[in-house]
Number of protein chains: 2
Amino acid sequence: MKKSSEEILKSSALSLTAGRKTILDIFLSSPNALAHQDIETICKEKYDRVTIYRTLQTFLEKGIIHTIPSSDNITRYALCNDDCIVTGHHHDNHVHFTCDTCGKTICLDETEVPSVHLPKGFRAHQINMIVSGVCKSCA
Amino acid sequence: MKKSSEEILKSSALSLTAGRKTILDIFLSSPNALAHQDIETICKEKYDRVTIYRTLQTFLEKGIIHTIPSSDNITRYALCNDDCIVTGHHHDNHVHFTCDTCGKTICLDETEVPSVHLPKGFRAHQINMIVSGVCKSCA
DNA sequence: AACATTTTGCAACAAAGTTGCATTCTTTCT
DNA sequence: AGAAAGAATGCAACTTTGTTGCAAAATGTT
């Protein structure tokens with residue numbers, strides 16, 4: 001059961017402003033990860049660039065969204081699932097999939113991150129997996 | 001047995017210029033991945049920013065270096081091992097490790113990338129794994 | 001050594017992200 | 001409900017990062 005944007009903001013102790021609600025709703029209704037640019041395109045008429053930057057920053061700090069590692073130098077954000085938010089320290093052991101055809105990036109929440117055997121002396125804290133290829137819709 | 005910068009440039013059919021050699025030597029002597037900024041800091045007195053950008057771009061195209069996905073929006077580059085270069089199409093199924101303490105990123109060439117079970121309809125082409133935690137030196 | 005071809009540096013530009021400050025909006029308290 | 005305190009927003013200016021065109025310099029080829 002998905003929380004509403006109001007509920008999420010309230011439970012993160014954030015004041016409920018029109019901008020935050022709008023941006024959060026965009027995430028809630030988007031199946032794929034979003035870059036700053038995507039959000040700016042959607043609501044640049046209504047909100048300032050700087051506001052979007054600051055809102056994303058705030059959401060990150062509160063663990064509402066997380067960043068997805070990528071090689072193309074574009075920071076993409078996606079909603080965290082409840083597990084991330086509830087637990088005290090935040091870990092996003094997600095598998096992310098980037099489609100080479102449509103360019104979209106999605107979180108494969110259901111897919112379990114396999115464990116890696118690291119060399120001696122290394123301790124893993126967070127594991128990120130980015131798989132690229134052809135997605136379901138583009139197959 | 002490590003190739004010299006001259007050998008690498010020659011086998012990639014690149015003309016041997018002082019700039020390329022310098023930058024390649026920086027990679028050869030660095031145990032960790034480097035961002036454009038790192039290289040600029042080392043040799044900004046000698047080479048122009050633009051030259052560094054173009055050199056990195058050239059190395060990428062020739063498969064001499066590869067980019068490492070990251071969440072922090074900084075493109076980092078590392079040398080490819082010979083396997084990457086030899087095979088026709090280049091795939092960097094590496095495990096990369098970023099240390100939360102010293103901030104350095106290294107390629108774990110020895111570590112095998114585990115296979116993932118993707119949802120139905122998804123086809124994987126390249127798999128990247130980024131592990132963060134505490135590295136050997138900082139343990 | 002002289003030619004054709006690449007590479008480099010410079011300047012100018014474009015895009016991405018940050019900071020300070022005054023104004024406006026939320027929330028809280030009575 | 002209204003006022004005060006605190007937080008968020010918009011604007012302007014700025015920094016950083018990356019790109020492009022072009023003339024000058026360096027490379028390698030004969």
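Author: Contact here means heavy atoms within 4.5 Å. By that cut-off, 40 residues of chain A are in contact with 40 residues of chain B. The model is predicted.

Reader: What makes up the area buried between chain A and chain B?

Author: Buried area is accessible area lost when two parts are put together, summed over both. For chain A and chain B that comes to about 2900 Å². Carbon and sulfur atoms give 60% of it. On the side of chain A, Ser71(A), Phe122(A) and Met129(A) supply 17% of the area buried against chain B, more than any other three residues.

Reader: How many salt bridges does the rule find across the interface of chain A and chain B?

Author: Zero. A pair would need a side-chain nitrogen of Lys or Arg within 4 Å of a carboxyl oxygen of Asp or Glu. The rule for polar contacts, in turn, finds 11 residue pairs across this interface, both residues at pLDDT 80 or more.

Reader: Which element gives the largest share of the side of chain A that touches chain B?

Author: Strand 6 of chain A, with 12 residues. By class, this side of chain A has 21 nonpolar, 14 polar and five charged residues.

Reader: Why are strand 6 of chain A and strand 6 of chain B said to pair?

Author: Two strands pair if there are at least two bridges between them. These two strands, residues 123–134 in chain B, have 11 bridges, so they count as paired. The sense is antiparallel. Arg123(A), for one, stands opposite Val134(B).

Reader: What makes a residue count as near DNA strand C?

Author: One of its heavy atoms must lie within 4 Å of the strand. 17 residues surround DNA strand C. The closest are Leu16(A), Thr17(B), Arg20(B), Thr51(B) and Arg54(B). Sugar and phosphate account for 60% of the DNA strand C atoms that come within 4 Å of the protein.

Reader: Why is Thr51(B) said to make a polar contact with a phosphate oxygen of DNA strand C?

Author: The cut-off is 3.5 Å between N or O atoms. A polar side-chain atom of Thr51(B) lies 2.5 Å from a phosphate oxygen, so the pair qualifies. For Thr17(B), the distance from a side-chain N or O atom to a phosphate oxygen is 2.8 Å. For a polar side-chain atom of Tyr53(A), it is 2.9 Å.

Reader: Which helix gives the most to the surface near DNA strand C?

Author: Helix 4 of chain A, with four residues. Helix 4 of chain B (49–61) also supplies at least two. By class, this surface has five nonpolar, six polar and six charged residues.

How values were computed. Residues are numbered from 1 along each chain as its sequence is written. Chains are lettered from A and ligands numbered from 1 in the order in which they are written. This is a predicted model: local features need pLDDT of at least 70, side-chain atom pairs count only at pLDDT 80 or more; totals for chains, interfaces and linings use all residues. Side-chain values use heavy atoms; hydrogens and water are left out. Buried area is the accessible area (1.4 Å probe) that two parts lose on being put together, summed over both. A polar contact is a pair of N or O atoms within 3.5 Å; within protein, one must be able to donate a hydrogen and the other to accept it, and residues adjacent in sequence count only if both atoms are side-chain atoms. Ala, Val, Leu, Ile, Met, Phe, Trp, Tyr, Cys and Pro count as nonpolar, Asp, Glu, Lys and Arg as charged, and the others, Gly among them, as polar.
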